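User: Please examine the structure shown here and answer some questions on its strands, its helices and its overall make-up.
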Amino acid sequence: MRIEINVPPLPESVSDATLLDWHKKIGEAVGRGENLVDLETDKVVLEVPAPEDGVVTELHGGRGDVVVGGQPIAVIDTDIRPAAPAVAMAAERPAPVLSPAVRRLVAEHALDPAQIPASGREGRLTKQDVLDFLETRPAAQTASLPPQGRAERRVPMSRLRVRIAERMLEAQHRTATLTTFNEVNLQKVFDIRNAHKTRFEQQHGTKLGFMSFFVKASVEALRRFPVANASLEGEEIVYHDYFDIGIAVSTDRGLVVPILRDADKAGFAEIEKAIAEFGQKARSGKLSLDELSGGTFTITNGGIFGSMLSTPILNPPQSAILGMHAIKERPVVEDGQIVIRPMIYLALSYDHRLIDGREAVSFLFTVKELLEDPVRLMLEV
C-alpha cells in the first residue's frame, strides 16, 4: 500500500517550516514510528515519523526548503520488501545523523563528523562527543591545520534565531520599556532549602531549587498587581485571570520559553518537576509547540551564566518580565551589624504604556518581601 507522508499541521502562530535533514533515503526500509525527517519552525524542531513499516519510494524537497502544513514530502510503500543491504567495506563508516545542536558545533569548528567517535544510540553523534573531541584533539592535528589568519565563515541563522531577532526588535520598537531594580536577601530561602531539601527530594523525587520560590513569589505579586499579568491589544487592556508563567531556557539553538500553565495551582514539587522537564526537553529539542505558546508573565535567569545585573527584554505581548541574576555573598547591615548574606539583584522590565512606575516598583518590592520571608508564601499572607 502506498502511504503519503505530509508535513504535520502547524498552529496558527507558525506559518511554515524549514526542512533540515532526511534520515532515510529512497529505497531504504523504515519502521513504524521511526523519524523520517527533521523540520525546523521558529519555535521547535519537529520530527516526522513513519506511520507504518515500509520502504521509502519518494522524497520531496532538500535541506533548506520551506514547507507548509499538509504539504506532501515523502511516500512509503508497505508492500515492497527492502533489498538486502550491501556488505560495507571495513574502512567505511555510515554518514552520521546529526541533531541541530551537533550540526551547529560541527559547522562552527569546521569539523568532519566522520572523524569523531560517536557514543549515542544507534551510533549517533552527541553534543558531548563533539565537545570531548575538541578537548582531546591532538596538538599535532591542530598544528597541521592551515593558518586561519583573518578568515571569515558564514553560517545561516536558524529559524529560531531569526524569530528571536524579530521579537527582540518588536519589543524594542513597539513597547515603552523601562526597568526597575531591587536586591533580595535570600538567607531565609537558603535556610528552608538546606533544612528540607533531602526530605523534599526523597518524598517528591525532584530537587528543591530556587526557581519555585521565585515562581511562587511572582504569582502572589501578580495577584496583587494584575496589570503586570495583562497585555495590550489595540486600545484595550486584556487582564488574564490565570497565571501562565514562562520560564526562559537557554539551548544551543537559542532561548526558548516553555510555559508553566496555571502556576498558581501548582505546589513547590510540581513547579520543580515541570522546570526540570522543560530543561530536558529543551536541550533535546522535544518541546512541543503547545508548551511554547502563550504565557502571561516571564521569568528569566541570567545568573546561571554569571550575570550580576541586566535589563531583560519583554516577551510580547506580555507587559512585564522578571530577571534573576547571580546569587553572591555580600556584606549587608542587619540590626546595626555587618553580616554576610546570599544576595541577588532582581530586575523587572515593564511596558510603561500599561504599567506605571509606582506599580512596577511595588510589584518588585512585593517579590522581595516574600522571598525575604518565604514562610508567607506557604501561609499565603
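**Strand pairing and a kinked helix**

Analyst: In this predicted model, Ala 29 lies opposite Val 55 of β6.

User: Which strand does β3 join, and in what sense do the two run?
Analyst: The pairing of Ala 29 with Val 55 places β6 across from Ala 29. β3 covers residues 29-30 and is joined by two bridges to β6, residues 54-59. The partner of β3 is thus named β6, and the two strands run antiparallel.

User: Over how many bridges do β6 and β8 pair?
Analyst: Glu 58 has Val 75, in β8, as its bridge partner. β8 spans residues 72-77, and its pairing with β6 is antiparallel; the number of bridges is four.

User: Where is the kink in α5 centred?
Analyst: Helix α5 runs over residues 187-204 and reaches 24 Å between its first and last C-alpha, close to the 26 Å expected. The helix nevertheless holds a kink of about 55°, and its centre is His 196.

User: Which helices are included in what covers the buried residues of α5?
Analyst: Val 189, Ile 192 and Phe 200 are buried in α5, where buried means under 20% relative accessible area. The cover over the buried residues of this helix includes α6, α7, α8 and α9.

User: What share of the contacts in the protein chain with a separation of 6 or more comes from residues 24 or more positions apart?
Analyst: The protein chain has nine helices and 19 strands, and 42% of its 381 residues are buried. Among contacts with a separation of 6 or more, the share from residues 24 or more positions apart is 63%.

Terms used
Residues are numbered from 1 along each chain as its sequence is written. This is a predicted model: local features need pLDDT of at least 70, side-chain atom pairs count only at pLDDT 80 or more; totals for chains, interfaces and linings use all residues. Side-chain values use heavy atoms; hydrogens and water are left out. The expected span of a helix is 1.5 Å times one less than its number of residues. The bend at a residue is the angle between axes fitted to the seven residues ending there and the seven starting there. Buried means under 20% relative accessible area, exposed over 50%, partly exposed in between (1.4 Å probe, protein chains only). Contact means heavy atoms within 4.5 Å. Two strands pair if DSSP finds at least two bridges between them.
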